[in-house]
Amino acid sequence: MTIKHLTPLLAAFILSCSSPNQPAETSPNLPGNEPHSWKEAVIYQIYPRSFKDSDGDGVGDLRGIINQLDYIKSLGITMVWINPFYASPNADNGYDISDYRAIQPEFGNMKDFDDLLKGLHERDIKFVMDLVVNHSSDEHEWFQQSRSSRDNPYRDYYHWWPAEKGKPNYRWSFFDPKGEAWKYDSLTDAYYLHYFAQKQPDLNWENPKVRQEVYDIMKFWANKGVDGFRLDAFQFISKDTTFPPLPEGYEKNVIKYYGMGPNIHPYIKEMHDEVLSKYNVFAVSEGAGSSFEDAHALVDKDRDELQMAYHFEAVDMVRDLSGYTLDTFKEIHSRWDSAFTEKGWLSVFLANHDKARMVDRFGNPSPQFRAPSIKLLNTFILSMRGTPYCYYGDEIGMTNISFDSIEQYQDIAAINGYKKVVTEGGDIEQYMAELKFLSRDNGRTPMQWDASENAGFTSGTPWLPVNSNYREINVANQSSASNSCLNHFKEMVKLRLNTPSLIYGAYQIIQPNHETIYAYTRSYEGEEYLVVLNFSKKQSSIQLEGFDLNTVSINNYEVLNISDKNLTLEPYQAIIFKTR
Ligand code: TEU
């Protein structure tokens with residue numbers, strides 16, 4: 001079976017998923033990581049279209065974020081990453097950039113950006129810029145020039161394949177309605193490459209001028225004072241530009257054939273020398289390659305390349321309607337941790353703008369269990385080793401919107417995926433059911449601020465509907481309720497930031513085969529914390545011989561049921577004990 005024949009959702013998973021399959025190492029869990037401010041950060045991710053609209057056009061904007069800075073500060077987080085707000089024709093909600101030095105008018109202007117950065121810095125919050133340089137928009141001046149003639153000076157800014165050489169070898173595209181990454185352009189009788197949408201042509205990193213343009217863009221924003229860069233789709237920048245036929249079985253290690261090309265490290269080193277080493281900024285790569293070796297090669301300190309990466313294996317374990325098993329959840333998180341005990345640093349997250357809501361995927365969104373399960377998931381993210389990334393709305397337990405008809409979707413991935421299934425005569429019912437559960441739009445609905453119309457997000461018509469549960473699930477309600485998801489989140493952030501063991505401590509799983517409970521310790525400099533999480537909707541017990549259970553650091557329930565070292569947890573109960 002080739003990727004061509006898979007449903008778009010499954011294929012996207014396979015392409016993106018790096019699944020190193022080495023067994024967990026047995027080396028001692030030594031922290032081995034010297035302290036650093038970005039390791040001690042808690043990052044809050046804001047999807048700007050959906051956070052807060054200040055001018056009534058139904059689209060969130062920078063001014064809206066500025067107006068909520070005190071809320072953001074109140075969460076206790078220390079860094080903010082905002083998805084792209086550069087000028088963009090919006091084929092992929094801002095991930096198709098037409099001017100890297102301008103602000104999308106819907107989002108505001110450069111003065112708004114400067115004010116936002118100042119407001120964050122005044123509150124001691126650092127800012128991470130999303131940098132999308134695997135591709136640009138086809139409306140970027142570079143591409144306009146590039147496609148105009150074969151001898152244009154910008155021709156080699158992109159990957160072109162002259163038609164007289166025949167059809168280029170097949171490459172899969174994330175968002176193409178036919179699933180093809182080569183698009184024929186009659187103007188110059190050639191094909192251009194787009195791993196993502198047709199309106200997102202891939203930049204040619206082999207061209208030193210392209211790389212210089214990227215470094216100049218980075219310097220522009222670093223000079224403005226940004227504190228870090230999130231490098232979008234970064235594992236794809238270096239490709240084998242001879243574009244050979246894909247070998248049999250390539251699906252098992254697609255990143256190897258689609259990205260992590262031969263020059264990725266020289267290019268990152270160059271970026272490090274030109275930009276990263278000259279400013280007080282850090283860089284996180286979206287994607288960590290297809291093996292632990294790849295990931296280490298990106299982030300090990302002595303290589304002087306990037307500071308952090310994030311892998312997709314954990315978020316991608318939910319890839320169809322069957323969900324996930326706790327066994328797999330434990331195994332994946334433990335395996336990745338064990339590979340980074342002594343060197344390197346990763347990110348921890350369960351949600352972002354490319355995923356449906358965390359509580360639907362990993363918790364339990366039913367009214368009875370939504371609150372405890374979201375608190376449990378936040379306890380997990382904020383007690384693992386690696387820098388936690390918390391997605392807007394997850395602090396209040398926002399849930400999937402679950403659309404029924406394709407007309408309700410806004411996301412290019414959903415819409416073009418639908419076209420592909422229809423063209424291929426695939427199972428549309430199955431596709432719609434998967435979308436309802438997994439689509440990116442689920443995770444992009446407007447922030448639920450209060451019980452007023454449109455959840456206080458906009459005075460206009462929201463670009464994507466507000467979830468109908470906003471009268472119950474919103475910031476205003478939860479601010480005043482001491483046992484709310486929001487207050488639990490704040491408490492958990494505080495605990496994380498004040499507890500070096502939870503940041504740097506060695507991770508050790510306890511009773512890995514327990515069917516419903518995920519328990520682990522984090523220990524550092526003579527201290528030890530025990531995290532016990534009941535991932536089930538039933539009460540569950542665990543025998544915790546040898547642990548001092550007298551000091552509770554956080555508990556998402558009021559009850560604590562211990563008898564003779566036997567701890568019984570309520571559904572989705574999550575407790576952290578200070579055991580040493
Ligand atoms: O995503 C790139 C990417 O690799 C993801 O689609 C990934 O495969 C997936 O999340 C794995 O689960 C980035 C942005 O995050 C996404 O929003 C953009 O659409 C895409 O790049 C194109 O710029």
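## A cavity and its lining

Helix H11 provides three residues to the lining of the second largest cavity, the largest share of that lining. This is a predicted model, so please read everything below as a description of a prediction. Helix H11 covers residues 326-338, and together with strand S12 it belongs to the elements that each supply at least two lining residues.

How many cavities of 30 Å³ or more does a search of the whole structure find? The search finds five. The second largest of them holds about 210 Å³ of space. Its lining is made of 17 residues, and the closest to the centre of the cavity are Trp336, Leu346, Ser347, Val348 and Arg385. Sorted by character, the lining has 10 nonpolar residues, five polar ones and two charged ones.

## A closer look at valine 348

Let us follow one of those residues. Valine 348 sits in strand S12, and it is among the residues closest to the centre of the second largest cavity. Is valine 348 buried or exposed? Its relative accessibility is 6%, and buried means under 20%, so valine 348 counts as buried.

Which residues does valine 348 touch, once neighbours within four places in sequence are set aside? The contacts are Ile381, Met384, Arg385, Gly386, Thr387, Pro388 and Tyr389. Arg385, in this list of contacts, is also named among the residues closest to the cavity centre. You can also look from valine 348 to alanine 314: the two are 34 residues apart in sequence, with 9.0 Å between their C-alpha atoms.

## The eight-stranded sheet

Strand S12 also has a place in an open sheet of eight strands. Reading across the sheet, the order is S11-S10-S9-S5-S2-S1-S13-S12, and the pairing is parallel. Which strands lie at the edges? They are strand S11 (308-310) and strand S12 (347-348), each of which pairs on one side only.

Within this sheet, try finding strand S9 (residues 228-231) and strand S10 (residues 282-286), a parallel pair with four bridges. One residue to look for is leucine 231, whose bridge partner in S10 is serine 285.

## Two hairpins

Now for some antiparallel pairs. Strand S7 (residues 182-185) and strand S8 (residues 190-193) run antiparallel and are joined by four bridges. Aspartate 185 has alanine 190 in S8 as its bridge partner. The two strands form a hairpin with four residues between them, and aspartate 189 in the turn has a positive phi of about 50 degrees.

A second hairpin is formed by S19 and S20, with two residues between them. In its turn, aspartate 564 has a positive phi of about 50 degrees. Strand S19 covers residues 561-563 and pairs with S20 in the antiparallel sense over three bridges; serine 563 has asparagine 566 in S20 as its bridge partner. Strand S20 (residues 566-569) is also joined by four bridges to strand S17 (residues 540-543), and these two run antiparallel. In that pair, isoleucine 542 stands opposite leucine 567.

## A buried asparagine in a loop

Our last stop is asparagine 469, in the loop between helix H15 (428-438) and helix H16 (475-480). Asparagine 469 has 18% relative accessibility, so it counts as buried.

What does the side chain of asparagine 469 make a polar contact with? The partner is the side chain of threonine 399, at 2.8 Å. Leaving aside neighbours within four places in sequence, asparagine 469 is in contact with Thr399 and Gln448.

Terms used. Residues are numbered from 1 along each chain as its sequence is written. This is a predicted model: local features need pLDDT of at least 70, side-chain atom pairs count only at pLDDT 80 or more; totals for chains, interfaces and linings use all residues. Side-chain values use heavy atoms; hydrogens and water are left out. Two strands pair if DSSP finds at least two bridges between them. On a 1 Å grid over the protein atoms alone, a cavity is a set of points where a 1.4 Å probe fits but cannot get out, and a pocket is an open set with protein on both sides within 12 Å along at least five of seven lines; lining residues have an atom within 4 Å of a point. Grid points are joined across faces, edges and corners, and a volume is the space filled by probe spheres set on the points. Ala, Val, Leu, Ile, Met, Phe, Trp, Tyr, Cys and Pro count as nonpolar, Asp, Glu, Lys and Arg as charged, and the others, Gly among them, as polar. Buried means under 20% relative accessible area, exposed over 50%, partly exposed in between (1.4 Å probe, protein chains only). Contact means heavy atoms within 4.5 Å. A polar contact is a pair of N or O atoms within 3.5 Å; within protein, one must be able to donate a hydrogen and the other to accept it, and residues adjacent in sequence count only if both atoms are side-chain atoms.
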